[in-house]
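Please read the points below beside the sequence and the 3D view. They take up a charged surface patch and some ring pairs in turn.

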Amino acid sequence: MNDPQVNKPEPSEQSDPEQACPDQTDPKPRSRGIYLLPNLFTTGALFCGFYAVVAGMNGVFDNAAIAIFVAMVLDGLDGRVARLTNTQSAFGAEYDSLSDMVSFGVAPALVTFSWALSGAGKFGWFCAFIYVAGAALRLARFNTQIGSVDKRYFIGLPSPAAAASVAGLVWACVEFDVDVSGFVFPIAIYVALMGVLMVSNVLYYSFKDVDPKGKIPFMILLVIVLTIGVISISPPIFLWLLLLGYTLSGPVLWLLRKRKSLSS
């Protein structure tokens, strides 16, 4: 006669009772899917940041700078696509922050270090680190202030704008074959200042109150068309000047507000 215990499975072979009876332990099964469309844009921005690092290591600095600009465009699209398609998620927000750290924090610092800052020795990598640390602190502060600040303004220079200001300088100098060997220390200070502006309390206009589906005055449309036309003449120069103007707008407006408050 066979032992009735022989055909019973060993304890290690038995299924987990919580998995076997999910209704008894977890009445609301967790959804493990993620939204595809906005995360595709985020992945594209992350790829551009990684490509910029690789291109910078190989000395192809113009392609590295262009990749950072493309990452900035994709980063601006992922959030808008998520809002338009109602596909916002906590996963997407965290993924976007990690992608921004690579594309707008690590990539610009490494590209500029490979391009010029290595000639400044320890001062060069120290300034590059200030930029990376500023980007990390900027992103962390932004994530903790969502919903508690005026959406019309950013507190501190946005990391995509800082990255584009740095990448634009690299692109313009490479495009016009500028010898930067005698300017490594000013460039290092420029990069470090971008990192400081990211963690400053200077306000920058966010353009988030602009309704893309609303009506605008004809003159604004004319200015947009003229701006695109000017940029097309020499993208490296005019894109850099455009982003540099936005970067300087924060401190200039801060000084004007400070002067007005002192005089009143």
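**Notes on a surface patch and two ring pairs**

1. Lys208 is found in the loop between strand 2 and helix 9 (218–233), where helices (H or I, at least four residues) and strands (E, at least two) are DSSP runs numbered from the N terminus. At 39% relative accessibility, Lys208 counts as partly exposed, a term for values between buried (under 20% relative accessible area) and exposed (over 50%), with a 1.4 Å probe and protein chains only.

2. This is a predicted model, in which local features need pLDDT of at least 70 and side-chain atom pairs count only at pLDDT 80 or more, while totals for chains, interfaces and linings use all residues. Residues are numbered from 1 along each chain as its sequence is written, and side-chain values use heavy atoms, with hydrogens and water left out.

3. Together with Arg80, Arg83 and Lys151, Lys208 forms a positive surface patch; such patches are made of residues with over 30% relative accessible area and no salt bridge (a side-chain nitrogen of Lys or Arg within 4 Å of a carboxyl oxygen of Asp or Glu), with like charges joined within 9 Å.

4. There are six aromatic pairs in the structure. One of them joins Phe91 and Tyr95, whose ring centres are 5.8 Å apart with planes at 35 degrees, so the pair is tilted (centres within 6.5 Å; under 30 degrees is stacked, over 60 edge-to-face, the rest tilted). Both residues belong to helix 5 (residues 90–115), four residues apart, which means about one helical turn between them.

5. Tyr204 and Tyr246 are both buried. Tyr204 lies in strand 2 (residues 203–205) and Tyr246 in helix 10 (residues 235–263), so their pair ties together parts 42 residues apart in sequence.

Methods: Patches are made of residues with over 30% relative accessible area and no salt bridge: like charges are joined within 9 Å, nonpolar side chains (Val, Leu, Ile, Met, Phe, Trp, Tyr) within 5 Å. Accessible areas come from the Shrake-Rupley method with a 1.4 Å probe; for residues, only the protein chains shown count as cover. Lys and Arg count as positive and Asp and Glu as negative; His and the chain ends are not counted. The place of a charge is taken as NZ of Lys, CZ of Arg, CG of Asp or CD of Glu.
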